[in-house]
Amino acid sequence: VLIPGGKAMQRELVLLGGGHAHLSTLAAIASFRERGFAVTVVQPSPWLYYSGMGPGMLGGSYRPEEIRFATRSVVEGQGGRFVLDRAERIDPVARTVSLAGSAEELRYDVLSCSVGSEVRGGVSAEGVGETVFPAKPIEGLLAAKERVLALAAAGPCRLAVVGGGPSAVEIAGNLHQLCRRFGRNRPEILLYAGRRLLSRQPERLAFLARKALLDKGIRIVEGPYVVRLVSGRLFLDDGSDSQAAMIFDATGVLPGKIFHRSGLPVGPDGGLLVNAFLQSVRYPEIFGGGDCISFEPRPLARVGVYAVRQNLVLRDNLFAALQGGPLTPFSPQEGYLQIFNLGDGVGLFSRRWCIFAGRFAFLLKDWIDRRFMRTYQRAGGTGAVMENR
Ligand SMILES: Cc1cc2nc3c(=O)[nH]c(=O)nc-3n(C[C@H](O)[C@H](O)[C@H](O)COP(=O)(O)OP(=O)(O)OC[C@H]3O[C@@H](n4cnc5c(N)ncnc54)[C@H](O)[C@@H]3O)c2cc1C
């Protein structure tokens, strides 16, 4: 591309969010740079926390530095530009991104988004960060952990987890572990699971999760839905209400509003609508992966498994979009391995018909997660590894 005066203008790749779907692209920044492309990464935190180990961090099994990727050093260590900010709006016609914290507009030739998702927030009316702690962002669980320990030191109290899915189960189990290991008192833990705990999972999986939680003394409330959380009070749709010193909101996630706000085509839940090439259905220079997309060929569960599997397709398609070449389609696998961390060193394994709970499942998850962390902490060069030590 030539600008007036004849000087070649560098083609710009901008990445919004250093999410799980961008890990391979982040690791390849040096290669993008070698081919003459400028790379800018926008993220509101210098780190990305690995959600698979988030509940374990809450329970005290992992230190925060063990479960995070040093996005900023990975980017800067390879000659990319890191912008500590939140992308606010994309202008797909001018090909610019505006930021929440500055007036700068980032120009792009190719844009890719892995900005993740947010807890729906429909029930959290007041007290977020004080009495109410959403399951995401994962770094919020760090502050929550300190608060749980302070409460447990002060005297008996009640903790509530709202949500009937895997993250609610993992949070409840790890709250129990945290208080058992480090708390002076044992808070009462209630899990408000909606109509039925793990209703979208195989029956045996739900049975084993329920048994493990009940054995820990966690009370599972099923039937009514929590409709509102206000300053430590939970209001249920059967008209009853209850109180808790801390409430964890794990009521499911949705993509943020950025795509809708930017006038981009979105799916039914507001995710960037992409085709099989993880490419916006209207703007071919915009790509995305992970929780923030709606995959047009078929709906995908919002799990890290898909974000991780999209990594290489996204990286290769970004290269192809910048320098020309064929795009690769993403073919999602049908089923996937799940291992839930139930706390107290117990995991719950599920793959097709094979479902079991126990210490081995936890050790396997721990091994897989640590190996994943090592791979990507090293991937971006020594800067990332050093910062995480
Ligand atoms: C408690 C919990 C446990 C989970 N455990 C598992 C598990 O064991 N296995 C599994 O497969 N899945 C798990 N998941 C789901 C998993 O977290 C997501 O599917 C995965 O993180 C999605 O990756 P992503 O790339 O879309 O975004 P994320 O990994 O969430 O990353 C998004 C990044 O974008 C940044 N960002 C956000 N908004 C902006 C913006 N406007 N501008 C710039 N940057 C922005 C964020 O700061 C973040 O760094 C879990 C989820 C939760 C809540």
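**Exercise 1: two residues with positive phi**

Task: Between which two strands does the loop that holds D344 lie, and is D344 buried, partly exposed or exposed?

Solution: D344 sits in the loop that runs from β23 (338–343) to β24, where helices (H or I, at least four residues) and strands (E, at least two) are DSSP runs numbered from the N terminus. The model is a predicted one, in which local features need pLDDT of at least 70 and side-chain atom pairs count only at pLDDT 80 or more, while totals for chains, interfaces and linings use all residues. Residues are numbered from 1 along each chain as its sequence is written, and side-chain values use heavy atoms, with hydrogens and water left out.

The next step is accessibility, for which buried means under 20% relative accessible area, exposed means over 50%, and partly exposed is what falls in between (1.4 Å probe, protein chains only). D344 counts as partly exposed because its relative accessibility is 22%. Its phi is positive, at about 55°, although D344 is not a glycine.

L198 can be treated in a similar way: this residue, not a glycine either, has a positive phi of about 50°, and its place is in the loop between β13 (188–192) and α7 (203–215). L198 is buried, since its relative accessible area is 2%.

**Exercise 2: the surroundings of S350**

Task: State where S350 is found, and explain why S350 counts as buried.

Solution: S350 belongs to strand β24, which covers residues 346–351. S350 is classed as buried because its relative accessible area is 5%. To see what surrounds it, look for contacts, meaning heavy atoms within 4.5 Å; leaving out residues up to four places away in sequence, S350 touches L205, Y336, L337, Q338 and I355.

**Exercise 3: R107 and F37**

Task: Which residues does R107 touch, not counting those up to four places away in sequence, and which does F37 touch when its neighbours within four places are left aside?

Solution: Begin with R107, whose place is in strand β8 (residues 105–107), and which counts as partly exposed because its relative accessibility is 30%. R107 touches M9, Q10, E12, V14, R95 and T96. Its side chain also reaches the backbone oxygen of Q10 at 3.3 Å. This is a polar contact, that is, a pair of N or O atoms within 3.5 Å, where within protein one must be able to donate a hydrogen and the other to accept it, and residues adjacent in sequence count only if both atoms are side-chain atoms.

Now turn to F37, which lies in the loop between α2 (29–34) and β2, and which is buried because its relative accessibility is 7%. F37 is in contact with Q10, R11, F32, L322 and Q323. In space, F37 and E170 are 42 Å apart from C-alpha to C-alpha, with their positions 133 residues apart in sequence.

**Exercise 4: the ligand**

Task: How many residues surround the ligand, and which are the closest?

Solution: A residue is near a molecule if one of its heavy atoms lies within 4 Å of it, and 28 residues surround the ligand, the closest being H20, Q43, S51, S114 and D291. For single distances, take the side chain of H20, which has an N or O atom 2.3 Å from an oxygen atom of the ligand, and the side chain of S51, which has one 2.6 Å from a ligand oxygen. In A21, a backbone N or O atom lies 3.1 Å from an oxygen atom of the ligand.

The final step concerns area: taken alone, the ligand exposes 1,000 Å², of which the protein buries 86%. The largest share of the shell, three residues, comes from α9.

**Exercise 5: the nonpolar cores**

Task: Which members of the largest nonpolar core touch the most other members?

Solution: A nonpolar core is a set of buried Ala, Val, Leu, Ile, Met, Phe, Trp, Tyr and Cys residues joined through side-chain atoms within 4.5 Å. The largest one has 52 residues, and L159, I171, L175 and F248 touch the most other members. Helix α6 (residues 166–182) contributes the most to this core, with seven residues. A second, separate core has 48 residues, including V14, L16, V42 and Y283.

Terms used. Accessible areas come from the Shrake-Rupley method with a 1.4 Å probe; for residues, only the protein chains shown count as cover.
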